[in-house]
Amino acid sequence: MRYIYFMSSLIFSPHTDDAIFSLGDYILKNKNITIASAFAGVPTDDAGYKKHTLLRHEHEKACLLMNAKIINNDLLDDVYGKQNEKYLIDWVIEIIKSFDHIYIPLGIHHPDHIFLSNTIYEIMDKFVKGYFVYAELPYKVLYPELYNTRLNKFKSKYNLNKIPIDFTKQKIAAIKEYDSQINNNLVEKLIVQEELWRIIK
């Protein structure tokens, strides 16, 4: 009997919406994908609790449409102060061990994006995996100079092989599940060509 082995893929997402915003077209065309959101904690203050509980609910509905599995970390986003670096490192290491392909955000503009990207960048060589790096939307569109700076950081250490992604716009249904986070102006900056590179060591 012949067995077919499906590679497991993990997309590290700074927040619950970033992976689908940035790689929705790609996710729709691929199988066995898990999205691990680093700063998905639910605060205890009333406003924060309502906001982030709703975000998790929206994320669940979006991932159901994309047929993606979910891992949510409990670190809070940067507006709640300095995050625990050791906790983030330990979380990343524990998750990396269980997957074949690892997808890393470039780390454009937002402190949480930079923190997560830099953390993985520093430890990834310790694990033999297939690594990819993706450009976050809408930040790639909003901050082209920062996008180039972060891309050059990865290029300074690794060769990058660009992965073609069909521009289908089919991710829009999942994007609209994040109703609390989007408006028409933002959607225009998300329905653009996605960018992904394989990291060649």
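**Exercise 1. Which residues is Leu88 in contact with, leaving aside its neighbours within four places in sequence?**

Work it through on this predicted model.

*Step 1.* Set aside the neighbours within four places of Leu88; the contacts that remain are Ala38, Phe39, Asn73, Leu75, Phe115, Leu116 and Thr119.

*Step 2.* Now place Leu88 in its wider setting. The largest nonpolar core has 34 residues, and Leu88 is listed with Phe12, Val92, Leu106 and Ile199 as having the most contacts inside it. At least two residues of this core come from each of β1 (9-13), α3 (85-96), β4 (101-105), α4 (111-123), β5 (130-134), α6 (144-155) and β7 (196-200).

*Step 3.* Keep this core apart from a second, separate one of 28 residues, which includes Leu23, Tyr26, Ala68 and Tyr103.

**Exercise 2. Describe how α3 and α4 are placed relative to each other.**

*Step 1.* Start with the axes: they come within 10 Å and cross at roughly 60°.

*Step 2.* Classify the angle. Oblique is the class for angles that are not under 35, not over 145 and not from 65 to 115 degrees, and α3 and α4 are therefore oblique to each other. Their crossing is right-handed.

*Step 3.* List the residues that meet: Glu85, Leu88, Ile89, Val92 and Ile93 from α3, with Phe115, Leu116, Thr119, Ile120 and Ile123 from α4.

**Exercise 3. Do the same for α1 and α2, and look at the burial of α1.**

*Step 1.* Helix α1 spans residues 18-28, and 10 of its 11 residues are buried. Among them are Asp18, Ser22 and Asp25, as well as Ile20, Leu23 and Tyr26.

*Step 2.* Helix α2 (residues 46-66) packs against α1 at an angle of about 25°, and the two axes are 10 Å apart. This makes α1 roughly parallel to α2, since angles under 35 degrees fall in that class.

*Step 3.* At the meeting place, α1 offers Ile20, Gly24, Ile27 and Leu28, while α2 offers Ala62, Cys63, Leu65 and Met66.

**Exercise 4. Is Asn73 buried or exposed, and what does its side chain reach?**

*Step 1.* Find Asn73 in the loop between β3 (69-72) and α3.

*Step 2.* Its relative accessibility is 2%, so Asn73 counts as buried; the cut-off is under 20%.

*Step 3.* The Asn73 side chain reaches the backbone oxygen of Ala38 at 3.1 Å. A polar contact of 3.3 Å also joins the side chains of Asn73 and Tyr87.

**Exercise 5. Compare this with Lys157: where does Lys157 lie, and which side chain does it join in a polar contact?**

*Step 1.* Lys157 lies in the loop between α6 and β6 (159-162). With 41% relative accessibility, Lys157 counts as partly exposed.

*Step 2.* Beyond its neighbours within four places in sequence, Lys157 is in contact with Tyr121 and Asp125. The polar contact is with the side chain of Asp125, at 3.3 Å.

*Step 3.* For a sequence-versus-space check, take Ile200: Lys157 and Ile200 are 43 residues apart in sequence, with their C-alpha atoms 9.6 Å apart.

**Exercise 6. Pick out some backbone details of the loops.**

*Step 1.* Recall the background: most residues other than glycine have a negative phi, and most peptide bonds are trans.

*Step 2.* Asn32, in the loop between α1 and β2 (33-37), has a positive phi of about 60°. Asn67, in the loop between α2 and β3, has a positive phi near 60°.

*Step 3.* Check their accessibility: Asn32 is partly exposed at 29%, whereas Asn67 is exposed at 67%.

*Step 4.* Finish with the peptide bond between Leu137 and Pro138, which is cis with omega about 10°. Pro138 sits in the loop between β5 and α5 (139-142).

Methods
Residues numbered from 1 in each chain as written. Predicted model: local features only at pLDDT ≥ 70, side-chain atom pairs only at ≥ 80, totals over all residues. Heavy atoms only, no water. Core = buried A, V, L, I, M, F, W, Y, C linked by side-chain atoms within 4.5 Å. Buried < 20%, exposed > 50% of the residue type's maximum accessible area, 1.4 Å probe, protein only. Helix = DSSP H or I, 4+ residues; strand = E, 2+ residues; numbered from the N terminus. Contact = heavy atoms within 4.5 Å. Polar contact = N/O pair within 3.5 Å; in protein donor to acceptor, adjacent residues only side chain to side chain. Axes fitted to C-alpha atoms, helices over the stretch in contact; angles between N-to-C directions. Left-handed = near helix turned anticlockwise from the far one by under 90°.
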